[in-house]
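Q: I'm new to reading protein models and would like a close look at one part of this one. Could you walk me through the salt bridges and how they fit into the whole chain?

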Amino acid sequence: AYIVGYPDSTVRPQNGITRAEVATIFFRLLDEDVRSDYLTTYNTFPDVNADYWANTAISTMASLVVINGRNSGLFDPDAYITRAEFAAICARFDDSNVSGFDSFTDTFGHWAEEEIGRAAALGWIQGYDDGTFRPNNPITRVEVTAIVNNMLGREADVDFVTEHYDELNHFSDLAVNHWGYYHIVEATNDHD
C-alpha cells in the first residue's frame, strides 16, 4: 500500500496531493535495499526541517535525484504538486531510454516537456480529451494512483475485490462506480 487514507475514513480522491505526500509515496515504493542504502534525513531545503513529518522521505528521494526543489531553492512540501512535476518524477524512474513524443497541445516549450513526453510514451500518463495535458494544474490523488499503478503494472483484480470486499480498505468518499475506484483499492491495500 502506498496511499493511506485520512483518520475520518476518507481518501479525498479529487483533492490535490502535496509534494511531501508524493515524496512519501515514492519512498514507500523503493526496494528495501535501495531505501536502506540511500536512507538519509539530510537535505539542503531550508523549508524541510529535521522534525518535518516527511523529512526522511524527502531527504532520501532528493539524494536519489528523483525529486527536486523548486527554482527558489525551497522544496515547498505543503504545496500541491503539479501534473508536470509529477510526470517529471515518474520519468526519472525510467531507465529504458524510451524517447518521448509530443502528444499534447500545451506542453511545447514547457520545462518538463521531455519528461511529460517520455511518461506518455511509456503509457504511464494521459492527457485530456481536448488534446491537452494541463501541466501546471495540480494533480489529484486519484490521478496519482492511476499513474503509479500504470508505472508498476498493477491492476486490481475485480473478482478478488468483490470476493474479499470486507477485508479491504474502503473509504466513505469513494463509491464503487467512481472511475478511479479500483486504482485506489489497488493503491491502499497491501499485497501480502
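A: Happy to! Let's start with one pair: the side chains of E85 and R19 form a salt bridge, with N and O 3.2 Å apart. E85 sits in helix α4 (residues 83-91) and R19 in helix α1 (residues 19-29), so this pair ties together parts that are 66 residues apart in sequence. Keep in mind that you are looking at a predicted model. Are these two residues buried or exposed? Both E85 and R19 are buried; here that word stands for a relative accessible area under 20%. The pair also has partners, as R19, R70, D76 and E85 are linked in a network of salt bridges.

Now stay with helix α1 and find E21. Its side chain meets that of R141 in a salt bridge of 3.7 Å, N to O. R141 belongs to helix α6 (residues 141-152) and E21 to helix α1, so the two tie together parts that are 120 residues apart in sequence. R141 and E21 are buried as well.

A further pair takes you to helix α8. E186 forms a salt bridge with R154, and their closest N and O atoms are 3.0 Å apart. E186 lies in helix α8, while R154 lies in the loop between α6 and α7, so parts that are 32 residues apart in sequence are tied together. Once again both residues, E186 and R154, are buried.

For a contrast, look at E167, in the loop between α7 (158-163) and α8 (181-188). E167 is exposed, with a relative accessible area of 60%.

Let's step back to the whole chain. A search of the whole structure finds 10 salt bridges, and the protein chain carries 11 positive and 31 negative side chains. The centres of those two sets lie 6 Å apart. The chain has 8 helices and 0 strands. Its radius of gyration is 17 Å, close to the 16 Å that the globule rule gives for 192 residues, so the chain is as compact as a globular protein of that length. Of the 192 residues, 46% count as buried. Among contacts with a separation of 6 or more, 70% come from residues 24 or more positions apart. The pairs E85 with R19, R141 with E21 and E186 with R154 tie together parts that are 66, 120 and 32 residues apart in sequence.

Terms used:
Residues are numbered from 1 along each chain as its sequence is written. This is a predicted model: local features need pLDDT of at least 70, side-chain atom pairs count only at pLDDT 80 or more; totals for chains, interfaces and linings use all residues. Side-chain values use heavy atoms; hydrogens and water are left out. Helices (H or I, at least four residues) and strands (E, at least two) are DSSP runs, numbered from the N terminus. Buried means under 20% relative accessible area, exposed over 50%, partly exposed in between (1.4 Å probe, protein chains only). The radius of gyration is taken over C-alpha atoms; the globule rule is 2.2 Å times the number of residues to the power 0.38. Contact means heavy atoms within 4.5 Å. Lys and Arg count as positive and Asp and Glu as negative; His and the chain ends are not counted. The place of a charge is taken as NZ of Lys, CZ of Arg, CG of Asp or CD of Glu. A salt bridge is a side-chain nitrogen of Lys or Arg within 4 Å of a carboxyl oxygen of Asp or Glu.
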